[in-house]
Amino acid sequence: MNNVVKTNNKLTRRLLLYILLCSAFVSVCSTFVQLYSSFQDDLTLLDQRFDNIEKSYIPSIASSLWDFNKPLVAQQIQGIVELPDISFVSVVNDFDYQEKFGDEESVAKKFVEFPVVFNGKSVGNLQVYADYQDIYQRLWQQAGFIFTTEFIKIFIIAFF
């Protein structure tokens with residue numbers, strides 16, 4: 001009788017270990033899927049942000065460049081840099097005018113150059129640089145939260 005209890009106890013531990021390992025594996029896999037999906041969503045939002053810059057900021061910057069209103073151009077590109085994930089913005093025209101704002105030393109993961117046109121005439125170019133540092137930071141925070149909650153779930157399963 002004592003031998004049966006020992007075998008049953010070993011079997012119980014082994015079964016519990018397999019359940020915990022399978023649960024941990026599924027949790028890690030689902031976490032990576034969630035993080036990948038979140039990363040893709042953030043990249044889509046960044047693309048939408050660039051579209052927003054093109055539709056909203058370019059016409060006003062074109063008007064300001066046409067009127068040689070340098071303080072307004074500076075204020076407008078500062079507003080672009082304050083958007084999430086945008087690290088550096090530069091406006092350049094053919095008359096050696098250049099206005100920059102943001103961190104020029106940042107490593108850009110995405111760069112888009114928009115032509116600035118006013119009444120059919122080119123008045124310059126808007127260069128927008130984006131990095132993924134904020135995106136990576138959000139993913140790390142999300143990963144920490146997900147792994148913590150998954151660890152708690154696995155601990156509760158093991159307890160019961």
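## Overall shape

The radius of gyration is taken over C-alpha atoms, and the rule for a globule is 2.2 Å times the number of residues to the power 0.38. For a compact globule of 160 residues that comes out near 15 Å, but the protein chain here has 27 Å. Keep in mind that this is a predicted model.

The box tells a similar story. Taken along the principal axes, the C-alpha atoms of the protein chain fill roughly 95 × 25 × 20 Å.

## Helices and strands

What is the chain built from? It has three helices and four strands. If you read along the sequence, you meet them in the pattern α-α-β-β-β-β-α. Helix α1 covers residues 2-66, and helix α3 covers residues 133-159. Helix α2 runs over 70-81, with strand β1 at 86-92, while strand β4 spans 121-130.

Now for contacts. Take those between residues at least 6 apart in sequence: 60% of them join residues at least 24 apart.

## Surface and charge

How much of the chain is buried? Buried residues make up 31% of the 160 residues in the protein chain. The chain exposes about 10,900 Å², and carbon and sulfur atoms supply 60% of that area.

As for charge, the protein chain carries 13 positive and 18 negative charges. The mean positions of these two groups are 20 Å apart.

## Salt bridges across the chain

How many salt bridges does a search of the whole structure find? The search turns up five. One of them pairs the side chains of D42 and R138, at 3.8 Å from N to O. D42 sits in helix α1 and R138 in helix α3, so this pair ties together parts that are 96 residues apart in sequence. D42 is buried, with a relative accessible area of 11%, whereas R138 is partly exposed at 35%.

Another salt bridge joins the side chains of D85 and R49, at 3.1 Å from N to O. This pair also links distant parts of the chain: D85 is in the loop between α2 and β1, R49 is in helix α1, and they are 36 residues apart. Both partners are buried: D85 has a relative accessible area of 2%, and R49 has 16%.

## A pair within one helix, and a network

Where does a bridge stay inside a single helix? Look at E150 and K153, which are three residues apart in helix α3 and so are separated by about one helical turn. Their side chains meet in a salt bridge at 3.5 Å, N to O. E150 is buried, with a relative accessible area of 15%, while K153 counts as partly exposed at 47%.

Going back to the other residues, D42, R49, D85 and R138 are joined into one network by salt bridges that share partners.

## A buried charge without a bridge

Finally, take a look at D131, which is found in the loop between β4 and α3. This residue is buried yet has no salt bridge. Which side chain of opposite charge is nearest to D131? That would be R138, 8.9 Å away. A salt bridge needs the nitrogen and oxygen to be within 4 Å, so at 8.9 Å R138 does not count as a partner for D131.

What does D131 touch, then? Leaving out residues up to four places away in sequence, D131 touches D85, S87, S106, V107 and K109. One of these, D85, is the buried residue that meets R49 in a salt bridge.

Terms used. Residues numbered from 1 in each chain as written. Predicted model: local features only at pLDDT ≥ 70, side-chain atom pairs only at ≥ 80, totals over all residues. Heavy atoms only, no water. Helix = DSSP H or I, 4+ residues; strand = E, 2+ residues; numbered from the N terminus. Buried < 20%, exposed > 50% of the residue type's maximum accessible area, 1.4 Å probe, protein only. Contact = heavy atoms within 4.5 Å. Areas by Shrake-Rupley, 256 points an atom, 1.4 Å probe, with all protein chains shown as cover. Lys, Arg positive; Asp, Glu negative; His and termini not counted. Charge placed at Lys NZ, Arg CZ, Asp CG, Glu CD.
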